[in-house]
Amino acid sequence: MLDKVTSKSVEDWNSWWLFVAWLIAVGSTLAALFIGEIVGQVPCNLCWFQRVFMFPLAIILGIAAFRLDVGIRIYALPLVLIGAAIAAFHTLIYFGLIDEGITPCARDGPSCAGADMTIFGGVPLPLVSLLAFTAIGGILAVCRPGVFK
């Protein structure tokens, strides 16, 4: 009986963790679209690559949260890890720890470390992206697979 109670409790927590991960992904996706399409701020190349890895997370985590499928970790964690690596690289460029001359940003496009890369009065967008990827990865790491049998 204790196993059933524990499994039910873990199942409840998994459903909430998946829902929170989905909310973070959807919030990040909507924020990126708002900044790019409504505000009109053109994203740099590194921002585009981060979008490539965040946008699918909003879809697959939503499906996983609806189905209570913790096995999504197998598919989502590679997207999270690659997106977080790009965001970390972008954050290092923003803070000047890596020279912007070696970045993939175009000469005529937006700067990867310019003043346009901030929101809320100075919070760097690359750092926000890194925090979002890290939060989703941490949440997926907490979910326990194998309790839905």
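Tryptophan 22 is a good place to start: with a relative accessible area of 26%, this residue is partly exposed. Keep in mind as you look around that the model is predicted. Two other aromatic residues belong to the picture here, because tryptophan 22 sits in helix α1 three residues from phenylalanine 19, which puts about one helical turn between the two. Phenylalanine 19 is also partly exposed, at 33% relative accessibility. The rings of phenylalanine 19 and tryptophan 22 have centres 5.8 Å apart, and their planes meet at 40 degrees, so this pair is tilted. The value of 40 degrees falls between the limits, since planes under 30 degrees apart would count as stacked and over 60 as edge-to-face.

Now step back along helix α1, which covers residues 2–38, to tryptophan 16; because this residue and phenylalanine 19 are three residues apart, about one helical turn separates them. Tryptophan 16 is exposed, with a relative accessible area of 54%. How many aromatic pairs does the structure hold? There are three. In one of them, the rings of tryptophan 16 and phenylalanine 19 have their centres 6.2 Å apart and their planes at 85 degrees, so the pair is edge-to-face. Taken together, ring pairs join Trp16, Phe19 and Trp22 into a cluster.

Another ring to look for belongs to tryptophan 48. Arginine 51 lies over the face of tryptophan 48, at 4.9 Å from the ring centre.

From here, let us turn to how two helices meet. Helix α2 (residues 45–67) packs with helix α3 (residues 73–94) at an angle of about 150 degrees, and their axes are 9 Å apart. Such an angle makes α2 roughly antiparallel to α3, because angles over 145 degrees count that way. The crossing of these two helices is left-handed. On the α2 side, the residues making the contact include Leu46, Phe49, Phe53, Pro56, Leu57, Ile60 and Leu61. On the α3 side, Tyr75, Leu79, Val80, Ile82, Ile86, Phe89 and Ile93 are among them.

Finally, take in the whole chain. The protein has four helices and two strands, and from the N terminus on its elements run α-α-α-β-β-α. Of its 149 residues, 38% count as buried. Among the contacts with a separation of 6 or more, 73% come from residues 24 or more positions apart.

Methods
Residues numbered from 1 in each chain as written. Predicted model: local features only at pLDDT ≥ 70, side-chain atom pairs only at ≥ 80, totals over all residues. Heavy atoms only, no water. Phe/Tyr/Trp six-rings, centres within 6.5 Å; stacked < 30°, edge-to-face > 60°. Buried < 20%, exposed > 50% of the residue type's maximum accessible area, 1.4 Å probe, protein only. Lys NZ or Arg CZ within 6 Å of the ring centre and 35° of its normal. Axes fitted to C-alpha atoms, helices over the stretch in contact; angles between N-to-C directions. Parallel < 35°, antiparallel > 145°, perpendicular 65-115°, else oblique. Left-handed = near helix turned anticlockwise from the far one by under 90°. Contact = heavy atoms within 4.5 Å.
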